[in-house]
Amino acid sequence: MLCLYTMEELLEKYEHFEIRLSVRELVEFMFRSGDIDNRRGTSPERAMQEGSRLHRMIQKSMGAGYEAEVPLRYSYVGEHCTIFLDGRADGIINESIAVEAQNRISGNQLSFNQYYTNEEYPQITIDEIKCVARRLDRISSPLPVHLAQAKVYAFIYAKQKELPSIRIRMTYCNIETEDLKYFIDEFSFAQIEEWFGRLMQDYMKWAERQREWLIQRQSSIQSLEFPFVYRKGQRELAAQVYRTVREGRKLFLEAPTGVGKTLTTLFPAVKSMGADLTEKVFYLTAKTITRSVAGDAIELLRQKGLKIKSVVITAKEKVCLNDKCECNPDNCPYAKGHYDRINDAVFHSIMTYDNLDRETITLTARQYQVCPFELSLDLSLLCDILICDYNYVFDPHVSLKRYFADGVHGDYVFLVDEAHNLVDRGRDMYSAVLKKEDFLAVKRQINAASEQLSGKKTKRVRGMQHVPAMIRGLERCNRDLLQLKRECSGFRVLEEIDTFAGQVQGLYTAMTKFMDEEENTGMREPLLEFYFALAHFLLIYEKLDENYRIYTEQTENSGFCLKLLCVNPAKNLSECMEKGRAGVLFSATLLPISYYKKLLGAAPEDAAVYAESSFDRERLGVFVGRDVTSRYKRRNEDTYYRIASYIDRAISGREGKYLIFFPSYLFMNNVIDSFQRHFHKEDRDEMLIQQERMSEEDREAFLARFTRKELIPMDNLFKTMSITPPTLLGFCVLGGIFSEGIDLKEDALIGSIIVGVGFPQICNEREIIRDYFEENGFDYAYRFPGMNKVLQAAGRVIRTERDKGVVLLLDERFTDNSYQRMFPREWKGYTVTGLSGIADGLESFWEKD
């Protein structure tokens, strides 16, 4: 990670800057206009598939005078910048024989001459095909962005072939009807050359800004030093991350608290940019709080001289400026005319700010009257670091298509924080479920809406002609599900569902036609969630392979569901990461690391590293209670009393703030009842109790009691007292909102008492996972996920080198080797004790300096 370039060398390197750009990227950036409107159009996946098919169909029907998919390239040379443009013209027509070819188009009722008004035709026509969901009679002229794409191709071809003039044909094809509509334009070469020159001059302001920024960024990276004195092992860890990026691999990093994993991974990733290895860094998180930690680390590097632009991408629903997220010009003033103003908003933002966080983006969105979510996506193209949720890389629906569409790759580095969460998140993203009762509910909604419209002339209500097909599709799907339900005695694994999937496809097609044409029926909004569920189901159905299991299940209240379960998400996650250069997956609880490598898509050459914590191990006391259990069959009053006794003796040893974690709410409440009856003292301990449904305000108030912030009233969580007791007890559920992702430093927390081994609830899905992994099944389904919850809860105690605290593991199973081999190295020297010895053990620990 040495300095590679001097400032003089950088100026020479970027004296003439090169940008490689597709024609489509150029025109979509420069010519977008109009509104955001999510009320029209099919799903992107379906539109892409259908569009490709129709392109091929139209091209094949054109005959010998038509050359399809013609690659075109052109280099535009500016003062300091060369733009390399490339693309593929859908078709180039040699018009000396095109009339005969055009008449062979299937279903075309008009002759070729009816599309052309001039008696003399130019020799060459550029054909640009656009497949659309809109009715063709509603398209009165080509969209500017579509026409611009054709005009760029026309300029390149005319320039290379030295043509005096050239003609453009815009071919619009309706996805559903396959009808065609044409628009013809003719240009002299002088006209189209002048137009292209203006376009490139307008784009040059963006290119020059990019060049100037790159010089600043690269220069600052060359001289950037790690902002602190390296702790033990940090330098080696940063070097390992850098080698991973250089070699284009993945690194799995077990990094306990004290390693400084955020900074130690970001710093070498940034240095790799300075070595021209990395185009962008994606810092991926599962929770909002870790996004702020990443932002803080980047800001620290900026204070040390780094010039870097970062953007935080926040979910659309969270960043929306309206009370309700409705992305259309009728309901959102920011959607109306968004594309007319967005480039000005982007240019202002990128010229004004380096840290494009949620607040900055919201401020700019209000100033320019644009959608803040779409603004953040556009800004990401001009930023160096993207901070966002896992979804934007891994989710098949939400992933950023501008970076990760099929066939698109880049020199991206993925830094995956809290990577232990990606196993279950990956399963969720690549699984799909349909519920039988939803099909009946949707049918009732459609019938009710149809009855309301029955008094109107329904033929004039757009979309209603598709209602009978939707009803038939719903009934067919429901019949298939009813048959599957009859064959299911509670739970059943299936080999295949091809027939049912075909019925779902038919229903989805009918609903798509309705969604594309619907107006004023009042049915769109109620049907939308179900429609998206069908789309997701069909997408996942196409992915079914040996990593999946299909099952049906009887649910509560006579419900019934069919699920496509992604048991092993490794393949899907790996395919996503292969679209970048390298990945670093890190967590404080990535144990056992072999389990995470298997499920997160590690290749044989990918390395795994256990980073040593720099914190003093003597400041954490770990005690294992050997005479207590949380096993379901042994839960009784004696068990609850014994656990309450452990809590009493733990807090009697040292006043302070403790979190106590339980396997379930029921178990927690039983222990609380025992503790209150036998041990609770109002002048000694105050009790906070996590509720099953807590508002954001209640969560903040709960944590505020630990961080000494001003108390927010929480009468349902704790009893207000005139005298604050010296000890605070937070009763929580293991794996819940307070067991990870919270940072309680110094005396904000001095102990975690963990009851049980954290097993996920036994259910059919967990049993499928157990069977799938055979000899490792129990570990993969129960033991390893459970132990991760334990490690996360224990990790709340020591957050800084000044912290001192205890962890009590209350379950006899922790004495088994199968669990102790998952204890982190920092727990070396843990104490196995019983109720009779815990007080002495704690006293001895607290007496140490």
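**Exercise 1. Strand β22 and its partners**

Task: In this predicted model, six bridges join strand β20 (residues 657-662) to β22; work out the direction of this pairing, what else pairs with β22, and how far β22 is covered.

Solution.
- Step 1. Strands β20 and β22 run parallel. One register point is Lys657, whose bridge partner in β22 is Leu728.
- Step 2. Strand β21 (residues 685-689) also pairs with β22 in the parallel sense, over five bridges. Here Leu688 has Gly730 of β22 as its bridge partner.
- Step 3. In a regular strand the side chains alternate between the two faces of the sheet. The two faces of β22 can therefore be checked separately: Thr727, Leu729, Phe731 and Val733 lie on one side, Leu728, Gly730 and Cys732 on the other, and all are buried.
- Step 4. The count agrees: seven of the seven residues of β22 are buried.

**Exercise 2. Two aromatic pairs**

Task: The structure holds 49 aromatic pairs; classify Phe155 with Phe189 and Phe675 with Phe731, and place each pair in the chain.

Solution.
- Step 1. The ring centres of Phe155 and Phe189 are 6.0 Å apart and the planes stand at 15°. Planes under 30 degrees apart count as stacked, so this pair is stacked.
- Step 2. Phe155 belongs to helix α5 (residues 144-161) and Phe189 to helix α6 (residues 189-222), which puts the two rings 34 residues apart in the chain. Phe155 and Phe189 are both buried.
- Step 3. For Phe675 and Phe731 the centre-to-centre distance is 6.2 Å and the angle between the planes is 55°, which makes the pair tilted.
- Step 4. Phe675 lies in helix α24 (residues 665-678) and Phe731 in strand β22 (residues 727-733), so this pair ties together parts that are 56 residues apart in sequence.
- Step 5. Phe675 has a relative accessible area of 0% and is buried. Phe731 is buried too, again with 0%.
- Step 6. Phe675 and Phe731 also belong to a cluster linked by ring pairs, with Tyr640, Tyr641, Phe662, Phe667 and Phe679.

**Exercise 3. The eight-stranded sheet**

Task: Which strands stand at the edges of the open sheet of eight strands, and how does β7 pair with β17?

Solution.
- Step 1. The strand order is β10-β9-β11-β8-β12-β17-β7-β18, with parallel pairing.
- Step 2. The edges are β10 (355-356) and β18 (607-610); each has a single partner strand, so one side of each is left without a neighbour in the sheet.
- Step 3. Inside the order, β7 (residues 250-254) and β17 (residues 582-587) run parallel and are joined by five bridges. Phe252 stands opposite Leu585 in β17.

**Exercise 4. Helices α2 and α12**

Task: How do the axes of α2 and α6 cross, and against what do the buried residues of α12 pack?

Solution.
- Step 1. The axes of α2 (residues 23-30) and α6 come within 11 Å and cross at roughly 85°. That makes α2 roughly perpendicular to α6.
- Step 2. Leu26, Phe29 and Met30 of α2 meet Leu199, Met200, Asp202, Tyr203 and Trp206 of α6.
- Step 3. In α12 (residues 358-368) the buried residues are Thr360, Ile361, Thr362, Thr364 and Ala365. Their packing partners are β9 (310-312), α10 (316-319), α11 (338-352), β10 and α13 (372-380).
- Step 4. Just after α12, Gln369 takes a positive phi of about 55°.

Technical notes. Residues numbered from 1 in each chain as written. Predicted model: local features only at pLDDT ≥ 70, side-chain atom pairs only at ≥ 80, totals over all residues. Heavy atoms only, no water. Pairing = 2+ DSSP bridges. Helix = DSSP H or I, 4+ residues; strand = E, 2+ residues; numbered from the N terminus. Phe/Tyr/Trp six-rings, centres within 6.5 Å; stacked < 30°, edge-to-face > 60°. Buried < 20%, exposed > 50% of the residue type's maximum accessible area, 1.4 Å probe, protein only. Contact = heavy atoms within 4.5 Å. Axes fitted to C-alpha atoms, helices over the stretch in contact; angles between N-to-C directions. Parallel < 35°, antiparallel > 145°, perpendicular 65-115°, else oblique.
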